[in-house]
Amino acid sequence: MPSLRHYRAYLMADGEKLPEYKVEIVDNGNTVRCWVPSEVGREFSIHWKDTAKVSQTAGYVYVDGEHVGGRFIRPEDIDGHVYLESRPLDAHTTASFKFGSMLLTDEESDVEAEHVVKELGSIRIMIKEGMIGEAYNHEYKEVEHKPVNERTKKAGGHRVVLGKQKRAPQTWKQFYPFKTEPTTFVFLYRPYELLRAMEIAPDEPQRAPPPAATRPAPPPTHVDRVKSEETGSSFFGSSGEEEEPEIKEEQDDDDDDDEDEEEVRRLEERLARIKERRKPRPVSLDAGPHRNLGKRKRDVIDLTFSEDESASGSASGSGSQSQSSSNSRPFKRMKVEPVERKFVPVRSSVRPFVKGEVIDLT
């Protein structure tokens with residue numbers, strides 16, 4: 001894509017960018033020039049973009065040397081991209097741009113002027129920075145394409161002609177440019193065969209995948225400010241026609257269906273086996289006499305004797321003294337604090353402790 005400073009420009013036809021050849025910067029670095037292929041009957045649009053949007057700009061478009069309109073770009077615009085796909089015929093009608101054949105004649109009267117013939121085969125975008133002014137009434141001129149004298153030997157034989165017409169209201173505004181050099185893009189269009197003969201284009205044209213079935217929505221008809229999104233890659237064939245994608249027709253095959261069903265059956269069986277292995281196993285809570293009754297919390301039992309009981313216990317081997325000590329020993333006091341237990345149900349004759357129970361272990 002040709003670019004200069006913070007501007008870019010390109011041509012589009014049938015929703016695809018036209019390939020550019022021999023892109024070069026001329027005119028002391030103020031102009032970008034390149035070559036593009038043209039095909040009779042193919043409509044196209046002219047696009048440019050301001051990536052910086054530091055000031056208001058106006059793009060003046062000249063087709064075959066004739067001014068055909070323009071577009072403004074403002075700093076507050078979202079993408080800084082505008083395009084021109086048609087030229088105004090009057091205040092309410094426009095006609096699209098289309099590549100056509102140059103009409104030749106051997107007559108010397110009623111033919112295109114020499115300065116017009118010199119500009120045939122060129123599309124020029126001149127971008128200027130400045131300020132957008134007020135609206136004004138534009139005077140329209142009748143579009144008239146005259147034959148070209150064959151002795152001028154204008155190479156190419158193509159020119160831009162009027163395409164489809166449609167109703168579209170026009171708005172024209174004044175523009176006051178700054179005293180700076182404009183940025184200019186020049187697209188020189190010729191038949192692809194001629195570009196090859198001139199050794200500008202390669203032997204085989206650049207090809208891209210066929211465009212998608214859906215096209216972007218048509219642009220607004222308001223002339224003052226029109227935006228669209230950039231699309232796709234480039235496509236252009238030697239004949240200029242789009243290639244249709246190859247579609248393979250599938251055939252029914254009973255053997256393939258049987259194999260598919262058998263494969264599905266094997267996969268289903270394998271999936272069932274995997275689910276069976278991953279199924280959780282039951283765990284028995286009856287673990288015998290050594291089962292775990294759960295972790296007890298704050299369960300404190302005082303099993304110590306008092307000093308009198310300890311003394312009498314140590315003399316228990318002396319007959320009557322032992323009997324007297326046994327008869328006079330008081331009941332044991334137990335200290336039991338509240339506990340929090342997680343009871344595990346077990347099938348056993350052993351009954352677990354319950355909250356607040358007092359057990360004599362003396």
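A salt bridge is counted here where a side-chain nitrogen of Lys or Arg lies within 4 Å of a carboxyl oxygen of Asp or Glu. The exercises below apply this and a few other ideas to a predicted model.

**Exercise 1. Decide how the side chains of Glu112 and Arg159 meet, and state where the two residues lie in the chain.**

Solution. Begin with the distance: the side chains of Glu112 and Arg159 approach to 3.2 Å, N to O, and meet in a salt bridge. Next, place the partners, which belong to distant parts of the chain: Glu112 is in the loop between β12 (104-105) and α1 (114-119), Arg159 is in strand β15, and 47 residues separate them. Finally, turn to the cover of each residue, for which buried means under 20% relative accessible area. Glu112 has 14% relative accessibility and therefore counts as buried, and Arg159, at 5%, is likewise buried.

**Exercise 2. Work out which parts of the chain are linked by the salt bridge of Glu85 and Lys166, and how covered each partner is.**

Solution. The closest N and O atoms of Glu85 and Lys166 are 3.1 Å apart, and the two residues form a salt bridge. This pair joins distant parts of the chain, since Glu85 lies in the loop between β9 (81-84) and β10 whereas Lys166 lies in strand β15 (residues 158-167), 81 residues apart. As for cover, Glu85 is partly exposed with a relative accessible area of 23%, and Lys166 is partly exposed at 33%.

**Exercise 3. Explain what the salt bridge between Glu66 and Arg87 ties together, and say whether each partner is buried or partly exposed.**

Solution. The side chains of Glu66 and Arg87 meet at 2.9 Å, N to O, in a salt bridge. Because Glu66 lies in strand β8 (residues 66-73) and Arg87 in strand β10 (residues 86-88), the pair ties together parts that are 21 residues apart in sequence. Glu66 is partly exposed, having 33% relative accessibility, whereas Arg87 is buried, with a relative accessible area of 9%. By the rule given at the outset, the count comes to eight salt bridges.

**Exercise 4. Describe the strands that pair with β5, and the cover of β5 itself.**

Solution. Take first strand β4 (residues 21-26), which runs antiparallel to β5 and is joined to it by four bridges. In this pairing Glu24 stands opposite Arg33 of β5. The hairpin of β4 and β5 has four residues between the strands, and in it Asp27 takes a positive phi near 55 degrees. Then take strand β17 (residues 183-191), which runs parallel to β5 and is joined to it by eight bridges, with Val36 standing opposite Tyr189 in β17. Strand β5 (residues 31-38) is itself mostly covered, as seven of its eight residues are buried.

**Exercise 5. Identify the residues of the nonpolar surface patch, and locate Tyr176.**

Solution. The patch on the surface is formed by Met131, Tyr176 and Phe178, which together have about 320 Å² of accessible area. Tyr176 is found in strand β16 (residues 172-177), and this residue is partly exposed, with a relative accessible area of 42%.

**Exercise 6. Place these details within the protein chain, using its helices, strands and contacts.**

Solution. The protein chain has five helices and 17 strands, and of its 362 residues 33% count as buried. Among contacts between residues at least 6 apart in sequence, 79% join residues at least 24 apart. The accessible surface of the protein chain comes to about 24300 Å², and carbon and sulfur atoms account for 49% of it.

Key
Residues are numbered from 1 along each chain as its sequence is written. This is a predicted model: local features need pLDDT of at least 70, side-chain atom pairs count only at pLDDT 80 or more; totals for chains, interfaces and linings use all residues. Side-chain values use heavy atoms; hydrogens and water are left out. Patches are made of residues with over 30% relative accessible area and no salt bridge: like charges are joined within 9 Å, nonpolar side chains (Val, Leu, Ile, Met, Phe, Trp, Tyr) within 5 Å. Accessible areas come from the Shrake-Rupley method with a 1.4 Å probe; for residues, only the protein chains shown count as cover. Buried means under 20% relative accessible area, exposed over 50%, partly exposed in between (1.4 Å probe, protein chains only). Two strands pair if DSSP finds at least two bridges between them. Contact means heavy atoms within 4.5 Å.
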